[in-house]
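Visitor: I've just opened this one and I'm new to it. Can you walk me through it?
Guide: Happy to. Let's put it up first.

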Amino acid sequence: MLTAIQERRSIRKYKNTPISPKTIALVLRAGCQAPSSKNRQPWRFVVCAGAAKAEMLSAMDAGLQREAQHPLLPGSTQYLTGAVRTRDIMAQAPAVILVANTLGLPLDQPLTPEQRIFELCNAQSIGACMENMSLAASRMGLGSLWICDTYFAFEELNAWLHVQGQLIAAMALGYPDESPPPRPRKDFDHLVEWRT
């Protein structure tokens, strides 16, 4: 299992080869096997390909344009250029999976401490789901990119999605057209404190 984790890469270049719905379903089923807080399984998937992907990208474009003028994330404007690059990666990938948190609360809703913990637990659950999907894709010879830049078009993508809950992440999926080296990792010995 460690080998699968060590060999997984974030892929940003894809071949122009379609992925069968059956193959995508296997990736999604791997995601659904993830542990979740209180077994809530708060995920819902929208697979975008073909014309639907073009519509989703139009919503992403609208959000990026709005963000440049009236940012929802004013403290993150330095990352907007990277979000534009991510949008281009999404356009190149044969499929993009949008993942909604079916129990997600509106961003502008003030949260009680209990609601905040609830949101954190659901985010952890969806993170486990996304990691399962990424590892499954890698084992099947697919490349994937876990995407959070969708938050720059949060309102527009949620309006396009029109599903229960809130968009939490996306994943580009396709056959890789690159083999990037591993990215640097922080020194393990400085990350762990052993208490006995």
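Visitor: At what angle do H3 and H6 pack?
Guide: About 150°, with the axes of H3 and H6 7 Å apart. That makes H3 roughly antiparallel to H6. The crossing of these two helices, H3 and H6, is right-handed.

Visitor: Hang on, what are the ground rules here?
Guide: This is a predicted model, where local features need pLDDT of at least 70, side-chain atom pairs count only at pLDDT 80 or more, and totals for chains, interfaces and linings use all residues. Residues are numbered from 1 along each chain as its sequence is written, and side-chain values use heavy atoms, with hydrogens and water left out.

Visitor: And the labels and angles?
Guide: Helices (H or I, at least four residues) and strands (E, at least two) are DSSP runs, numbered from the N terminus. Axes are lines fitted to C-alpha atoms, for helices over the stretch in contact, and angles run from 0 to 180 degrees between N-to-C directions. Under 35 degrees counts as roughly parallel, over 145 as roughly antiparallel, 65 to 115 as roughly perpendicular, and the rest as oblique. A crossing is right-handed if the near helix is turned clockwise from the far one by less than a right angle, and left-handed if anticlockwise.

Visitor: Back to the pair. Which residues of H3 and H6 make the contact?
Guide: Contact means heavy atoms within 4.5 Å. From H3, they include Ala 52, Met 56, Ala 59 and Arg 66. From H6, they include Phe 154, Leu 157 and Trp 160.

Visitor: How do the residues of that contact of H3 with H6 divide?
Guide: Eight are nonpolar, one is polar and four are charged. Ala, Val, Leu, Ile, Met, Phe, Trp, Tyr, Cys and Pro count as nonpolar, Asp, Glu, Lys and Arg as charged, and the others, Gly among them, as polar.

Visitor: What about H3 and H4, how do they cross?
Guide: At roughly 170°, with the axes of H3 and H4 (residues 80-92) coming within 11 Å. H3 and H4 are therefore roughly antiparallel to each other. Among the contact residues are Leu 57 and Leu 64 of H3, and Val 84 and Met 90 of H4. By class, the contact of H3 with H4 has 10 nonpolar, one polar and four charged residues.

Visitor: New topic. In what order do the strands of the sheet come?
Guide: The order is S1-S2-S4-S3, in an open sheet of four strands with antiparallel pairing. Strands S1 (43-48) and S3 (143-147) stand at the edges with a single partner strand each, so one side of each has no neighbour in the sheet. Neighbouring strands of this sheet are turned by 20° against each other on average, direction ignored.

Visitor: How many bridges join S1 to S2?
Guide: Six. Two strands pair if DSSP finds at least two bridges between them. Arg 44 stands opposite Ala 100 in S2.

Visitor: And the other pairs?
Guide: Seven bridges join S2 to S4, and five link S3 and S4. Leu 173 in S4 is the bridge partner of Ala 95. Leu 173 is also the bridge partner of Ser 144. Ile 147 stands opposite Ala 170 in S4.

Visitor: How many residues of S4 are buried?
Guide: Nine of the nine, so S4 is largely enclosed by the rest of the structure. Buried means under 20% relative accessible area, exposed over 50%, and partly exposed in between (1.4 Å probe, protein chains only). S3 is mostly covered, with four of its five residues buried.

Visitor: Which strands does H6 lie across?
Guide: S1, S2 and S4, running at about 85° to S4. The buried residues of H6 include Phe 154, Leu 157 and Leu 161. They pack against S1, H3, S2 and S4.

Visitor: Where is His 162, then?
Guide: In the loop between H6 and S4. His 162 has a positive phi of about 50° although it is not a glycine. Most residues other than glycine have a negative phi.

Visitor: Buried or exposed, that His 162?
Guide: At 71% relative accessibility, His 162 counts as exposed.

Visitor: And what about Gln 41, where is that found?
Guide: In the loop between H2 and S1. Gln 41 has a positive phi of about 45°. At 38% relative accessibility, Gln 41 counts as partly exposed.
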